[in-house]
Every structure is written in structure tokens, then in C-alpha cells.
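Please open the model in your viewer and keep a selection box handy. We will go from stop to stop, and at each one you will hear what to select and what is there.

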Amino acid sequence: MKRTGTVLLTALAPVSWGSTYAVTTEFLPPDRPLFTAAMRALPAGLVLLALARRLPAGEWWWRSAVLGALNIGAFFPLLFLSAYRLPGGLAAVVGSVGPLFVAGLSALFLSQRPSRRTLLTGFVAAFGVSLVVLRAAGALDALGVAAAVASTASMSTGTVLTKKWGRPDGAGPLALTGWQLTAGGLLIAPLALAVEGAPPALDGPALGGYAYLALANTAVAYWLWFRGIGRMSATQVTFLGPLSPLTAAVIGWAALGQELSAVQLIGMGLAFGATVAGQRPTRSFSSTESIERKVSMDVTGPALRR
């Protein structure tokens with residue numbers, strides 16, 4: 001029951017991220033992706049730093065900078081760049097292969113070999129998302145495809161390294177999230193100023209939209225995400241990612257008048273089923289875990305027989 005609660009709370013993060021597109025298109029100034037990324041990350045990071053009242057120490061200064069760059073500083077701009085340059089929902093489809101990226105990176109960094117079920121479930125999730133978001137489109141943009149792949153690889157690497165490094169003693173998910181958001185925001189802010197110029201004038205809806213993105217969509221959502229990484233496997237957490245484009249499709253239907261076809265509904269069912277299946281614990285062990293399990297069985301076996 002406790003594990004189910006962890007999964008449900010962690011799932012709120014990608015569900016929240018699924019609202020980003022609607023908020024951005026309906027309330028925020030157009031063509032300011034870097035400014036929007038900075039407004040999401042930096043205020044959220046500063047708020048969490050004030051709440052956590054703890055700064056990194058020792059090696060966690062550079063670890064926080066690396067994680068902040070991967071999960072926020074590089075991920076946000078690359079994600080927006082791919083969304084602006086790719087047709088339909090292709091950027092979301094590339095993002096939906098995140099579980100496969102994480103499975104491969106977990107084998108590299110965590111010595112955890114992916115099971116066949118994990119790989120199959122990852123392909124089904126990506127296929128389901130493709131049915132939901134893909135539309136008829138023209139030629140693909142090479143830079144957009146590269147940005148989409150790079151954004152997925154960046155977030156996947158950050159997720160695996162977050163799992164590998166854990167947290168320093170005495171620091172909770174709130175502090176770790178605040179460190180990463182602040183580091184990522186500090187990377188994006190000067191880039192936004194150099195590329196897009198001075199910040200635009202903001203009206204009431206824009207201010208409300210940015211407040212929502214910074215607080216609920218980023219501060220709370222990323223806190224839940226990194227909290228989940230600490231309590232679940234990296235692959236299980238990443239399998240919740242397809243909930244983001246699914247939520248975006250539902251919001252588009254419910255709030256923006258966008259139709260959902262039968263094919264899209266089938267895709268939603270496949271992607272959601274893969275997300276649920278991805279939460280089942282696998283029987284694969286890392287090499288270290290296998291040795292520890294064998295030693296434990298060798299030691300306890302005779303005692304049990306007695």
C-alpha cells in the first residue's frame with residue numbers, strides 16, 4: 001500500500017507536466033521558450049532553497065551542478081527547441097522512449113540489466129504515445145530531431161545519476177530539488193537574455209501562468225519526481241513519463257476543443273497499460289545484487305534446514 005502511494009504521488013509530476021503546453025499557448029507570451037524555461041526553473045529553485053534552508057557541501061556542489069544541467073539546464077531548452085521545430089507530437093514520441101534510454105543507462109551506471117519485459121513495455125509505451133500525438137506532417141527537421149533525442153538523453157542520464165548518487169546525509173528531496181532547479185535556472189537565464197533579449201511585458205494571465213509553472217508545475221512536480229527516484233527504481237519512475245503526453249491530449253480534448261479519434265484512444269490505452277506494467281518489480285538483479293542474494297541464500301539455507 002505504501003508503494004502504491006509512492007507511485008501515485010510520483011505520477012502527479014508527469015500529469016502536471018502534461019498541462020505545460022496548454023498553459024504556455026493560452027496564457028504566456030509567444031516565442032519566448034528560453035525565458036519561459038528560466039521562469040519555470042529559477043524561481044522554483046529559490047523557493048525550495050528557502051524552504052529547505054540547506055546548501056550543498058563538498059562534492060555535492062559539482063554533483064548538483066551536473067544534475068541541474070542534465071535535468072533542467074539542458075533539458076528545458078532542448079525540449080522547447082524540439083517542440084518548436086518538429087511537426088505534430090514527434091517531440092513527445094521521442095520523449096516517450098525515455099524508459100528505453102534509462103534501461104540502457106542503468107545497465108551502464110547501475111549494473112542493472114534490463115529484462116525483456118522492460119524492453120517490450122518500453123516499446124509499447126512509445127508506440128501508444130505515437131498513436132495519440134502524431135499527425136500528418138511534412139519533412140522532418142534534423143535540428144529538431146537532434147534536440148528531441150538530446151533532451152531525452154539528458155533527462156534520462158540525470159535520472160540515472162540521481163539514483164546512483166542518492167542524497168547526502170541529512171538532505172531530503174526538497175533540498176536536492178532546490179539545488180538542481182537553481183543550478184539549471186542559473187544556466188538558462190543568461191542564455192535567455194543573450195538569445196531572446198530583455199524580458200517581455202507581462203499581463204495578469206501571463207503572471208498567473210508563470211506562477212503556476214514555477215510553483216505547481218516545477219517546484220512541487222520535480223520534488224515529487226526526485227522523491228520518487230529515491231524510493232523506486234529509475235526505470236519504474238521513467239515509465240510514468242508517458243502520462244505527460246496523455247494528460248496533454250486529455251486537456252486538449254476537455255479544455256481546448258480538440259477531438260480524440262478512435263486510434264488515439266487505442267494509443268492512450270496502450271501507453272497507460274505500459275505505464276502500469278512498468279511499475280511491476282522485475283526479477284533482474286545487478287551483478288552485485290546477485291552475488292549478495294547468493295551469499296544470503298548460502299548463509300541462511302543451512303539455518304533454515306535446521
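## A buried pair to begin with

Select Glu-196 and Arg-32: both residues are buried. This is a predicted model, so treat every stop as a look at a computed structure. Now show the two side chains as sticks, and you will find them joined in a salt bridge, with 3.4 Å from N to O. Where in the chain do Glu-196 and Arg-32 lie? Glu-196 belongs to helix α10 (residues 173-196), while Arg-32 sits in the loop between α2 (20-27) and α3 (33-52). The two are 164 residues apart, and the pair links distant parts of the chain.

Stay here and move your selection to Val-195, which is also found in helix α10. Is Val-195 buried or exposed? Val-195 counts as exposed because its relative accessible area is 55%, and the cut-off for exposed is over 50%. Add Leu-34 to the selection: its C-alpha is 8.2 Å from that of Val-195, although 161 residues separate the two in sequence.

## The other salt bridge

A search of the whole structure finds 2 salt bridges. For the one between Arg-63 and Glu-59, select both residues; their closest N and O atoms are 3.5 Å apart. Colour this pair by accessibility and compare the partners. Arg-63 counts as buried because its relative accessibility is 14%, whereas Glu-59, at 40%, counts as partly exposed.

## Into the nonpolar core

Next, select Trp-17, Ile-72, Phe-76, Tyr-222, Trp-225 and Leu-240. These residues have the most contacts inside the largest nonpolar core, which has 26 residues. To see where the core comes from, highlight α1 (2-17), α3, α5 (75-85), α10 and α11 (204-231), the elements that give two or more residues to it. Helix α11 supplies the largest share, 6 residues.

Zoom in on Leu-240 and show what surrounds it. Which residues is Leu-240 in contact with, leaving aside its neighbours within four places in sequence? They are Val-7, Thr-10, Ala-11, Pro-14, Trp-225, Met-232, Thr-275 and Gln-279. Apart from the largest core lies another one, of 10 residues; to find it, select Leu-49, Leu-161, Ala-175 and Leu-176, which are among its members.

## A nonpolar patch on the surface

Switch to a surface view and select Leu-120, Val-124, Phe-127, Ile-266 and Leu-270. Together they form a nonpolar patch with about 450 Å² of accessible area. Helices α8 (116-133) and α14 (262-277) each supply at least two of the residues in this patch, and the largest share, 3 residues, comes from α8. Pick out Phe-127, which lies in helix α8. With a relative accessibility of 48%, Phe-127 counts as partly exposed, because exposed requires over 50%.

## Zooming out

To finish, show the whole chain as a cartoon. How many helices and strands are there in the chain? There are 15 helices and 0 strands. The chain has 306 residues, and 47% of them count as buried. Draw the contacts between residues at least 6 apart in sequence, and 90% of them join residues at least 24 apart. Finally, turn the surface back on: the accessible surface of the chain comes to about 15,000 Å², and 68% of that belongs to carbon and sulfur atoms.

Note on methods: Residues numbered from 1 in each chain as written. Predicted model: local features only at pLDDT ≥ 70, side-chain atom pairs only at ≥ 80, totals over all residues. Heavy atoms only, no water. Salt bridge = Lys/Arg side-chain N within 4 Å of Asp/Glu carboxyl O. Helix = DSSP H or I, 4+ residues; strand = E, 2+ residues; numbered from the N terminus. Buried < 20%, exposed > 50% of the residue type's maximum accessible area, 1.4 Å probe, protein only. Core = buried A, V, L, I, M, F, W, Y, C linked by side-chain atoms within 4.5 Å. Contact = heavy atoms within 4.5 Å. Areas by Shrake-Rupley, 256 points an atom, 1.4 Å probe, with all protein chains shown as cover. Patch = residues over 30% accessible without salt bridge, like charges linked within 9 Å, V, L, I, M, F, W, Y side chains within 5 Å.
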